Amino acid sequence: MPAKRPPIPLSRERIIEAALHIADSQGLRRLTMRRLGDALQVEAMAIYHHLPRGKDALMDALAEHVTTVHAEPGQTWQDSARAWCRASRAALREHPGVLALALTKPAKGRAAVAVREQTDQLADAGLPDAARAVRAMRAYVFGAVAVEVQQSGWAEPAGDDDEPWRPPSQGGGSPAADDDFELGLEALLAGLTRSGGVRKS
């Protein structure tokens, strides 16, 4: 008789992964500590060892996860800005179930560090008032993804019952959505170029 495999140790990463799966497949309203514990095959209280503030800490962790992105610097600040915006869009589209958290929670922890990295990178590349530009780019990306997710048909379930619920294809990603995003991105960069008095790439 084969030996039993030891249980996979509970970790913050496993908790976040399981929570993202529930939120994306069933909706954020159905993400409870008890349901998360069931998915991880542990008592709900075991989660508190990794997230002492419980549900509040879990929501912060999910928001941090989907808003922490990194991008390699480009030859110009415009190239770097494009890379950051595209990476942010991809991260948000991957987990539409927690988009509401990304839209409403301020950047904390690793997400705040990534925002500072983005700001410093653009400033070093010659973009005046990079902090203001980053705020504008984040607002554009978050709004664009919110529209994409809405148009894709993804939505929270109406109730909180136990009936299975499966969202349509998540996060958009159609050629039309890609074209619309790139059009808006180029318009934003052109506006930042004019307002900053910097050379257009």
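This passage describes the nonpolar core, selected side-chain contacts, an annotated region and two loop residues of a predicted model.

The largest nonpolar core comprises 47 residues. Within this core, the residues with the most contacts are Leu31, Leu36, Leu58, Leu62 and Met137. At least two core residues each are supplied by α1 (12-26), α2 (33-40), α4 (55-67), α5 (77-94), α6 (99-104), α7 (109-124), α8 (130-152) and α9 (175-196). Helix α8 provides the largest share, with 9 residues. In soluble globular proteins, nonpolar side chains tend to be buried together.

Two leucines illustrate the contacts made by individual residues. When neighbours within four places in sequence are left aside, Leu62 is in contact with Ile16, Ala19, Leu20, Leu31, Val98 and Leu101. Of these partners, Leu31 is also listed among the core residues with the most contacts. Leu92 belongs to helix α5. This residue has a relative accessibility of 2% and therefore counts as buried, the limit being under 20%. With residues up to four places away in sequence not counted, Leu92 touches Val66, Thr67, Leu99, Ala102, Val141, Phe142 and Val145. Leu92 and Val145 are 53 residues apart along the chain, yet their C-alpha atoms are separated by 7.0 Å.

Polar and charged side chains were also examined. Glu148 lies in helix α8 and, at 7% relative accessibility, is classed as buried because the value is under 20%. Its side chain makes a polar contact of 2.8 Å with the side chain of Arg89. The charged end of Arg89 in turn sits over the ring of Phe181, at 4.7 Å from the ring centre. The number of aromatic pairs in the model is 1.

According to the unreviewed UniProt entry, residues 32-51 carry the annotation "DNA-binding region". Over these residues the chain is 60% helix and 0% strand. The C-alpha atoms at the two ends of the region are 14 Å apart.

Positive phi values occur in two loop residues other than glycine, Gln41 and Asp129. Gln41 is located in the loop between α2 and α3 (44-47), and its phi is near 60 degrees. The relative accessible area of Gln41 is 75%, so this residue is exposed, the limit being over 50%. Asp129 is located in the loop between α7 and α8, with phi near 50 degrees. At 47% relative accessibility, Asp129 counts as partly exposed, because this class lies between the limits of 20% and 50%.

How values were computed:
Residues are numbered from 1 along each chain as its sequence is written. This is a predicted model: local features need pLDDT of at least 70, side-chain atom pairs count only at pLDDT 80 or more; totals for chains, interfaces and linings use all residues. Side-chain values use heavy atoms; hydrogens and water are left out. UniProt positions are given in the numbering used here, feature names are shortened, and annotations may be inferred rather than shown by experiment. Helices (H or I, at least four residues) and strands (E, at least two) are DSSP runs, numbered from the N terminus. A nonpolar core is a set of buried Ala, Val, Leu, Ile, Met, Phe, Trp, Tyr and Cys residues joined through side-chain atoms within 4.5 Å. Buried means under 20% relative accessible area, exposed over 50%, partly exposed in between (1.4 Å probe, protein chains only). Contact means heavy atoms within 4.5 Å. Rings of Phe, Tyr and Trp (its six-membered ring) pair if their centres lie within 6.5 Å; planes under 30 degrees apart count as stacked, over 60 as edge-to-face and the rest as tilted. A charge sits over a ring if NZ of Lys or CZ of Arg is within 6 Å of the ring centre and within 35 degrees of the ring normal. A polar contact is a pair of N or O atoms within 3.5 Å; within protein, one must be able to donate a hydrogen and the other to accept it, and residues adjacent in sequence count only if both atoms are side-chain atoms.
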